[in-house]
Each structure stands twice: as C-alpha cells, then as structure tokens.
Amino acid sequence: MANFTKGKWVKQGSFIFSSEKPPRLIAETIRIGLSYGEQQANARLIASAPRLYEALREAEVFTKVDDRVHFKVEQALALVHTVYTEASRSEPVECVEGKE
C-alpha cells in the first residue's frame, strides 16, 4: 500500500493541497530558474498524481485474466488519458475554495 496523502489533491497557483478540511500542503513548485509556466505545469502534474496512481492500479488489477479484462483496461486507459489531458492543460485544473 502506498504511503501518501489519500484523496483528491487540488492545485492553487504553484501549491498543491489535500482536499480535506482544513487543506494540508502537499507540495509547492516555486523554484528559481523555472518559468511561471513550467511551475504551473509541474503543479498540475503533481496534483494529478493520486488519479494517475489509481488509474495504474486499476490497469494492473484488470489485466488479470477474466471476461471483463478488455472493458476494464479500456476504462483505466480512458482515465489515464483524462488525467494526462488535464495535467497538460495551461489552465488550472481545480482550485482550493475557488481561489487561483
């Protein structure tokens, strides 16, 4: 079992918080030498980590042979695609309490 903060992570600027109340700081991506755009892209990627982990876990579970394999693998790959698309966007994916 992975030892990380469970639940959805949300991006606020260059900071990533847990979705629990009160939010806990997971990470920040402010670094000297990185452009603002690169900091934001890193924050989006980090914020998507729990969903990527879940998609990979689902893909692993459903690659075992049974009559639902094809359908479940397609679902997991669709989730991977969705998360990748969200992490690649230049717009914020989600904000903490409507702030960005």
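## Surface and burial

In this predicted model, the chain exposes about 6,800 Å². Carbon and sulfur atoms supply 60% of that exposed area. The chain has 100 residues, of which 25% count as buried.

## Overall layout

The chain contains 3 strands and 3 helices. Their order along the sequence is β-β-β-α-α-α.

Contacts also link parts of the chain that lie apart in sequence. Among the contacts with a separation of 6 or more, 50% are between residues 24 or more positions apart.

## The nonpolar core

In soluble globular proteins, nonpolar side chains tend to be buried together. Here the largest nonpolar core has 5 residues in all: Trp9, Ile16, Ala27, Ala43 and Ala47.

Ile16 is one of these core residues. With residues up to four places away in sequence left out, Ile16 touches Trp9, Ala27, Ala43 and Ala47, which are also listed in the core. The contacts of Ile16 further include Val10, Arg24, Leu25, Ile26, Thr29 and Ile46.

## The aromatic pair

The structure holds 1 aromatic pair. Phe15 and Phe17 form this pair, with 6.4 Å from centre to centre and 35° between the planes. The pair counts as tilted, because its angle is neither under 30 degrees, as in a stacked pair, nor over 60, as in an edge-to-face pair.

Are the two residues buried or exposed? Phe17 has a relative accessibility of 19% and counts as buried, because the cut-off for buried is under 20%. Phe15 has a relative accessible area of 32% and is partly exposed.

Technical notes. Residues are numbered from 1 along each chain as its sequence is written. This is a predicted model: local features need pLDDT of at least 70, side-chain atom pairs count only at pLDDT 80 or more; totals for chains, interfaces and linings use all residues. Side-chain values use heavy atoms; hydrogens and water are left out. A nonpolar core is a set of buried Ala, Val, Leu, Ile, Met, Phe, Trp, Tyr and Cys residues joined through side-chain atoms within 4.5 Å. Buried means under 20% relative accessible area, exposed over 50%, partly exposed in between (1.4 Å probe, protein chains only). Contact means heavy atoms within 4.5 Å. Rings of Phe, Tyr and Trp (its six-membered ring) pair if their centres lie within 6.5 Å; planes under 30 degrees apart count as stacked, over 60 as edge-to-face and the rest as tilted. Helices (H or I, at least four residues) and strands (E, at least two) are DSSP runs, numbered from the N terminus. Accessible areas come from the Shrake-Rupley method with a 1.4 Å probe; for residues, only the protein chains shown count as cover.
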